[in-house]
Amino acid sequence: HLKPPKIRKDIYKRLIDAALNQEAIKLAYHKHQGDEAKEIIVTALSIFYRGSVPYLICRDHAKDIIRQLPFSRISAIHDTLFDEPRVENFSLAEYEKSGALAFRYGEPFELHLEIFNSVRREVEDSHLGENQKITPIQGHDTVFNMTVTVPYTLNLIQWLLARSPYLKVKAPADFRQKFCKE
């Protein structure tokens, strides 16, 4: 129940407009609250909310990467006359599907689980990933092996912890150790 950040109305409206029109803009961005602002040129691609905090999804022209910038750390916005928007092949749906909007701990990885029938029923129609594979374990009618490539996100960790009585993480070894410790 954190309170939303204080954002100047003119900045909020300008960022929304820039994202809707996918414009190239120059921002005064503070990496952390209290830091001196750095000017960066970005193409505004979209916005999203993480809880009550609005973020600008944008392509940083200097680094040619997609970034997520909290509105509250942007202190000024200027039009840029010489920079063309760089939308390229950005798709918000694909970006979200990649796990980029979640709290990320690392890169996607192949997860190996041993799951009870209750978990199998949950994920057989609503997969954890595109390449999910569930196979029976010989001699066990209610236990299955599952492999799937997953994004390494807070959502994944919370999902696994909530079902921990009904599954066993088999691999990768380093993730298994961290998960067992939790």
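In the predicted model, the largest nonpolar core comprises 19 residues. Those with the most contacts inside this core are Leu-111, Leu-113, Leu-160, Leu-167 and Phe-175. Two or more residues of the core come from each of the strands β6 (109–116), β8 (140–150) and β9 (167–171), and from each of the helices α3, α4 and α5 (173–181). A second core, separate from this one, holds 17 residues, including Ile-11, Ile-25, Val-42 and Ala-44. In soluble globular proteins, nonpolar side chains tend to be buried together.

The surroundings of Leu-167 illustrate the packing in the largest nonpolar core. When neighbours within four places in sequence are left aside, Leu-167 is in contact with Leu-113, Glu-114 and Ile-115, as well as with Trp-159, Leu-160 and Phe-179. Of these partners, Leu-113 and Leu-160 are also listed among the residues with the most contacts inside the core.

Helix α3 also carries two charged residues that were examined individually. Arg-120 is located in this helix and has a relative accessibility of 17%; Arg-120 is therefore classed as buried, since the cut-off for burial is under 20%. The side chain of Arg-120 forms a polar contact with the side chain of Glu-124, at 2.6 Å. Beyond residues up to four places away in sequence, Arg-120 touches Ile-115, Ile-134 and Phe-144.

Glu-122 likewise belongs to helix α3. With a relative accessible area of 34%, Glu-122 is partly exposed, because this value lies between the limits of 20% and 50%. Its contacts, apart from neighbours within four places in sequence, are with Trp-159 and Arg-163. In the case of Trp-159, a polar contact joins the two side chains, at 3.4 Å. Trp-159 is, in addition, one of the residues in contact with Leu-167.

The largest pocket encloses about 280 Å³ of space. Its lining consists of 14 residues, and those nearest the centre of the pocket are Leu-128, Pro-151, Thr-153, Asn-155 and Leu-156. Helices α3 (117–123) and α4 (154–162) each provide at least two residues of the lining, with α4 giving the most, namely 3 residues. By class, the lining contains 7 nonpolar, 6 polar and 1 charged residues. Helices α3 and α4 thus appear in the lining of the largest pocket and also among the elements that give two or more residues to the largest nonpolar core.

Methods. Residues are numbered from 1 along each chain as its sequence is written. This is a predicted model: local features need pLDDT of at least 70, side-chain atom pairs count only at pLDDT 80 or more; totals for chains, interfaces and linings use all residues. Side-chain values use heavy atoms; hydrogens and water are left out. On a 1 Å grid over the protein atoms alone, a cavity is a set of points where a 1.4 Å probe fits but cannot get out, and a pocket is an open set with protein on both sides within 12 Å along at least five of seven lines; lining residues have an atom within 4 Å of a point. Grid points are joined across faces, edges and corners, and a volume is the space filled by probe spheres set on the points. Helices (H or I, at least four residues) and strands (E, at least two) are DSSP runs, numbered from the N terminus. Ala, Val, Leu, Ile, Met, Phe, Trp, Tyr, Cys and Pro count as nonpolar, Asp, Glu, Lys and Arg as charged, and the others, Gly among them, as polar. A nonpolar core is a set of buried Ala, Val, Leu, Ile, Met, Phe, Trp, Tyr and Cys residues joined through side-chain atoms within 4.5 Å. Buried means under 20% relative accessible area, exposed over 50%, partly exposed in between (1.4 Å probe, protein chains only). Contact means heavy atoms within 4.5 Å. A polar contact is a pair of N or O atoms within 3.5 Å; within protein, one must be able to donate a hydrogen and the other to accept it, and residues adjacent in sequence count only if both atoms are side-chain atoms.
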